[in-house]
Amino acid sequence: MKIAFVGCGYVADYYINTLPYHPELILAGVYDCRDERAAQFAHHYGVAQYKSLDELLTDQTVDIVVNLTNPGSHYTVTKASLEAGKHVYSEKPLAMEYAKAQELYALAQQQGLQLASAPCSLLGESAQTLWKAVRDGVVGQPRLVYAELDDGLVHRMNYRQWITQSGSPWPYRDEFKIGCTIEHAGYYLTWLTAIFGPALTVTAYAKCLVPNKEDESDQIVTTPDFSVGCIEFASGVVARLTCSIIAEHNHTLTIVGDEGNLFVHECWDYHSPVYKERIKLKRRREELPIISTLLGYGKQKLPMRCDPNPQHGQKQPLKTMDFCRGVAEMAAAVREERPSRMAADHALHVNEITLTLQSPEAMGSPRRLETTFTPIEPMPWAQG
């Protein structure tokens, strides 16, 4: 199935570098509003370049538009693509405004087109293994989740030297303006909503702790660099999700059940191990570590559910997640004439939660969510 990239910036390299894992996807060409950036990207990877967005959208051979533009342009590009009759897989979020995200969802439904939003790590081995453990009752009834998405003091790192293979620098000014919650919350929100179903309410707090993140600039950014929210799911589970580019790197997810806990340490690694730990009925200071281990209370690694497709099953380095797996899922859904696991109603639900976490005053907090979604099916290789 033929796809086309709109946007040839920093993230586009990660998508094109995982295309070989999905030979069923054929890249027809790329476009960027900055002609020189598109030319540089197209030359580096030896792909065709469209001279305008209109040229791309009128190419009848293109089935799916992969929207890799800046989040502020997601709405405009996705809307134009849907109106042109193209299925759209967009980088997160669907839109920066809730009303515009709703509009895109309605347009996709009206046009009978697939619409999805990154991230697609829900389709990876770690998420699917964790989900199966919950379904199988490995730790009993789940009650509480702690999800951490902290990335350290990014503004004090050497971020000006972060450059992709094709030569695109990390768009730090845009990243600081958009905020870590918009950029990262979806990595665990997609897991949690898939595993526990639709959320009912979100109670959030967000704040900008470091207004000036660029030493050579007096630009003041008020976008939150820290957010925390408590999410109540219809299933009864409550999750606390924290995002920041202040606290030390921590991507741990913990699911607390009646009979023990489940752990994953990294949502950006599709092969991050999943651990279980039996419930302890004594206070930790009353136990000797060696006794706890002998009684089987230590962490135990669960067998990883693995995609049998040899193209998909290769271990991905942490910095090169399988970004195209979501595009491949959409393409399979189109071919098989079935709903995609990366469906528009789920993307809209995650979009609403994310915006509430980032902007609790504007969205209202506590917020009773307006959206819901059809339950998501696990991957076939993780169902048995």
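In the predicted model, one aromatic cluster is formed by Phe 5, Tyr 10, Tyr 14, Tyr 15 and Phe 323. Two members of this cluster, Tyr 15 and Phe 323, also belong to the lining of a cavity, the second largest in the structure. Across the model, the count of aromatic pairs comes to 15. In one of these pairs, the ring centres of Phe 196 and Phe 233 are 6.0 Å apart and the ring planes meet at 55°, so the pair is classed as tilted. Because Phe 196 belongs to helix 9 and Phe 233 to strand 8 (residues 226-233), the pair ties together parts that are 37 residues apart in sequence. Both residues are covered: Phe 196 counts as buried at 8% relative accessibility, and Phe 233 is buried as well, with a relative accessible area of 1%.

The strands of the model include those of an open sheet of five, in which the order is 2-1-3-4-5 and the pairing is parallel. At the edges of this sheet stand strand 2 (26-31) and strand 5, each of which pairs on one side only. From one strand to the next, the twist averages 20°. Strand 1 (residues 2-6) is joined to strand 2 by five bridges, and the two strands pair in the parallel sense. Within this pairing, Lys 2 has Ile 26 of strand 2 as its bridge partner, while Ala 4 stands opposite Gly 29 in strand 2. Strand 1 is mostly covered, with four of its five residues buried.

A further open sheet consists of nine strands in the order 13-12-11-10-6-9-8-7-14, and its pairing is mixed. The edge positions are taken by strand 13 and strand 14 (367-368), each pairing on one side only. Towards the strand 13 edge, strand 12 (residues 274-278) and strand 13 (residues 300-301) run antiparallel and pair over two bridges, with Gln 300 in strand 13 as the bridge partner of Lys 276. On its other side, strand 12 pairs in the antiparallel sense with strand 11 (residues 260-264) over five bridges, and Gly 260 has Arg 278 of strand 12 as its bridge partner. Elsewhere in the order, strand 7 (residues 199-207) and strand 8 run antiparallel and are joined by eight bridges. In this pairing, the bridge partner of Tyr 205 is Val 228 in strand 8.

Helix 9, which contributes Phe 196 to the tilted pair described above, is largely enclosed by the rest of the structure, because eleven of its eleven residues are buried. The buried residues of helix 9 include Tyr 187, Tyr 188 and Trp 191, together with Leu 189, Leu 192 and Ile 195. After helix 9 comes Gly 197, which has a positive phi, near 90°.

The enclosed space of the model was examined next. Rolling a probe the size of a water molecule over the atoms shows where empty space is left. A search of the whole structure finds three cavities of 30 Å³ or more, and the largest cavity has a volume of about 160 Å³. Its lining is made up of 17 residues, among which Ser 117, Ala 118, Pro 119, Ala 347 and Val 350 lie nearest the centre of the cavity. Two or more residues of this lining come from each of strand 5 (115-117), helix 9 (186-196) and helix 12 (344-358). Helix 12 gives the most to the lining of the largest cavity, contributing five residues. By class, the lining of the largest cavity divides into ten nonpolar, six polar and one charged residues.

The second largest cavity holds about 70 Å³ of space. Its lining consists of Tyr 15, Tyr 89, Glu 91, Ala 118, Pro 119, Cys 120, Ser 121, Tyr 187, Tyr 270, Met 321 and Phe 323. Of these residues, nine are nonpolar, one is polar and one is charged. Ala 118 and Pro 119 thus appear in the lining of the second largest cavity and also among the residues nearest the centre of the largest cavity. Tyr 187, a further residue of the second lining, is one of the buried residues of helix 9.

Note on methods. Residues are numbered from 1 along each chain as its sequence is written. This is a predicted model: local features need pLDDT of at least 70, side-chain atom pairs count only at pLDDT 80 or more; totals for chains, interfaces and linings use all residues. Side-chain values use heavy atoms; hydrogens and water are left out. On a 1 Å grid over the protein atoms alone, a cavity is a set of points where a 1.4 Å probe fits but cannot get out, and a pocket is an open set with protein on both sides within 12 Å along at least five of seven lines; lining residues have an atom within 4 Å of a point. Grid points are joined across faces, edges and corners, and a volume is the space filled by probe spheres set on the points. Ala, Val, Leu, Ile, Met, Phe, Trp, Tyr, Cys and Pro count as nonpolar, Asp, Glu, Lys and Arg as charged, and the others, Gly among them, as polar. Two strands pair if DSSP finds at least two bridges between them. Axes are lines fitted to C-alpha atoms, for helices over the stretch in contact, and angles run from 0 to 180 degrees between N-to-C directions. Rings of Phe, Tyr and Trp (its six-membered ring) pair if their centres lie within 6.5 Å; planes under 30 degrees apart count as stacked, over 60 as edge-to-face and the rest as tilted. Buried means under 20% relative accessible area, exposed over 50%, partly exposed in between (1.4 Å probe, protein chains only).
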